[in-house]
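Let us walk through a protein structure, one piece at a time. Keep the 3D view open and turn it as you read.

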Number of protein chains: 2
Amino acid sequence: MTLRATGRVLGAFSVCATIAVCTLYVTKSTAQGERQAESNAAPIYGITIPAGYRDWRVISVAHLAGGNLKQLRTQLGNDIAIKAFREGKLPFPDGTIIAALHWNEASSDENNKVLASGFPGAGLQSSVAGSAENVQFMVKDSKKYAASGGWGFADFKNGKPGDEALHKTCFPCHQPAKDRDFVFARYAPTP
Amino acid sequence: MTLRATGRVLGAFSVCATIAVCTLYVTKSTAQGERQAESNAAPIYGITIPAGYRDWRVISVAHLAGGNLKQLRTQLGNDIAIKAFREGKLPFPDGTIIAALHWNEASSDENNKVLASGFPGAGLQSSVAGSAENVQFMVKDSKKYAASGGWGFADFKNGKPGDEALHKTCFPCHQPAKDRDFVFARYAPTP
């Protein structure tokens, strides 16, 4: 597996998810509409990108690096997810959706100039979210996804889901977090 | 300046802000209430911590490292801020508040074990938001803060504002971003 592929899979690592019904596309019941729904839904779990996930609240932030891979990441949660994290409630209730947004880390020349001027000799280096790499979702539906710990997983790049082989890696990879309902992310304290 | 102090100031670097009125404390008009209001407001700009800022939406994420300092960061915006970022509108309208949340970066042993097992030889290292370091705010009020580009700045650690010397550094440090209305953060693309 190349690191490029690794980068994609690692969304599964940080978090994954689903949306139960393809609301955006299933409203169109023509054959064309159905094909489109299929192409926009992740394999195995049938998840499409939840509308408005970019507006969700922050669970935590993370950094991943190794070889050519350098990413800045954040995990966001829908209202049900945030409530469960804050209350420390396990397992997560049905309806929980966790989104993991992954960006390629970009060194910020403009920030570094300011740092070098304001804090000479400190050797400070700033990096920021660069190009979007992928987004992943974990959707809790204890009945629908009973075979995978109650979670559906999905991985998208440029709005398109990864293939079945990719999605087969999600649940096995999350096994080590079984005692936290298969969720790696922990809620970051409020500064 | 020690790196510890540097870490604090750098919130000013990444972002800063204010809330115009100490709503939480000024409702109590006793002498005690007034003293409390004063101790919770940042010097110079009179800003207190905006209620519910942890629920605001994500502008971007960032990483800062140098010497002993290693931080993971996110910038969040209130509704006015997010709208302005998305529309690319400059200057930011009055009422904009940007929050910069800074955490000490913590290597994640539990994540690294999963990575080593799932991606042997890739040398992947994961870090996550550890302890809270500080939070900073930039509040736009073009009249009230006319002397500092229309922005009020504030820096808090453990709920307490930094001193006046710290807050004097905010506006000068933001000068290099004058052509972006003194805001360093850029809106991260939606993956």
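Start with a helix and what lies under it. The buried residues of α4 in chain B pack against three strands of chain B: β1 (57–66), β2 (69–77) and β3 (97–107). Bear in mind that this is a predicted model.

Which residues of α4(B) are buried? The helix covers residues 79–87, and B:A81, B:I82, B:A84 and B:F85 are buried. Look down the axis of α4(B): these buried residues fall within an arc of 165°, so they line one face of the helix. Just past the end of α4(B) comes B:G88, with a positive phi of about 65°.

Now turn to the strands themselves. β1(B) and β2(B) run antiparallel, and 9 bridges join them. One opposite pair is B:V58 and B:L76, the latter in β2(B). The two strands form a hairpin, with 2 residues between them. One glycine sits in that turn: B:G67 has a positive phi of about 60°.

β2(B) has another partner. It runs antiparallel to β3(B), and 7 bridges join these two strands. Find B:L72; its bridge partner in β3(B) is B:W103. So far we have followed the pairing. What about burial? β2(B) is mostly covered, with 8 of its 9 residues buried. A general point helps when you look at any strand. In a regular strand, side chains alternate between the two faces of the sheet.

A second helix is worth a look. How many degrees of arc hold the buried residues of α5(B)? First find them. Helix α5 of chain B spans residues 109–118, and B:N111, B:N112, B:V114 and B:L115 are buried there. Seen down the helix axis, they fall within an arc of 160°, so these buried residues line one face of α5(B). On the other side of α5(B), the exposed residues include B:D109, B:K113, B:A116 and B:S117.

Next, move to strand β6 of chain B, which covers residues 160–161 and holds B:K160. Is B:K160 buried or partly exposed? Its relative accessible area is 45%, so B:K160 counts as partly exposed. Compare its place with that of B:I59. The two are 101 residues apart in sequence, and their C-alpha atoms are 24 Å apart in space.

Switch to chain A and look at two polar side chains. A:H102 is found in strand β3, residues 97–107 of chain A. How much of A:H102 is accessible? Its relative accessible area is 0%, so A:H102 is buried. Its side chain makes a polar contact with the side chain of A:R73, at 3.4 Å.

The other residue is A:E133, in strand β4 of chain A, residues 125–140. Its relative accessibility is 8%, and the cut-off for buried is under 20%, so A:E133 counts as buried. Which side chains does A:E133 touch through polar contacts? One is that of A:N104, at 3.2 Å. Another is that of A:K157, at 3.3 Å.

Step back to see chain A as a whole. Its secondary structure comes to 7 helices and 6 strands. Along the sequence they follow the pattern α-α-α-β-β-α-β-α-β-β-β-α-α. Chain A has 191 residues, and 57% of them are buried. The chain exposes about 8100 Å², of which carbon and sulfur atoms supply 55%. Now consider contacts between residues at least 6 apart in the sequence of chain A. Of these contacts, 66% join residues at least 24 apart.

Finally, put the two chains together. Two copies of a chain are related by a rotation about an axis and a shift along it. What rotation superposes chain A on chain B? It is a rotation of 180°, with 0.0 Å of shift along the axis and an RMSD of 0.0 Å. That is the relation of a two-fold axis. In chain A, the C-alpha nearest the axis belongs to A:R57, which lies 3.0 Å from it. The same surface serves both copies: 100% of the contact residues of chain A recur in chain B.

How values were computed: Residues are numbered from 1 along each chain as its sequence is written. Chains are lettered from A and ligands numbered from 1 in the order in which they are written. This is a predicted model: local features need pLDDT of at least 70, side-chain atom pairs count only at pLDDT 80 or more; totals for chains, interfaces and linings use all residues. Side-chain values use heavy atoms; hydrogens and water are left out. Copies are superposed by least squares on the C-alpha atoms of residues with pLDDT of at least 70 in both. Contact means heavy atoms within 4.5 Å. Buried means under 20% relative accessible area, exposed over 50%, partly exposed in between (1.4 Å probe, protein chains only). Helices (H or I, at least four residues) and strands (E, at least two) are DSSP runs, numbered from the N terminus. The arc is that of the directions from the helix axis to the C-beta atoms. A polar contact is a pair of N or O atoms within 3.5 Å; within protein, one must be able to donate a hydrogen and the other to accept it, and residues adjacent in sequence count only if both atoms are side-chain atoms. Accessible areas come from the Shrake-Rupley method with a 1.4 Å probe; for residues, only the protein chains shown count as cover. Two strands pair if DSSP finds at least two bridges between them.
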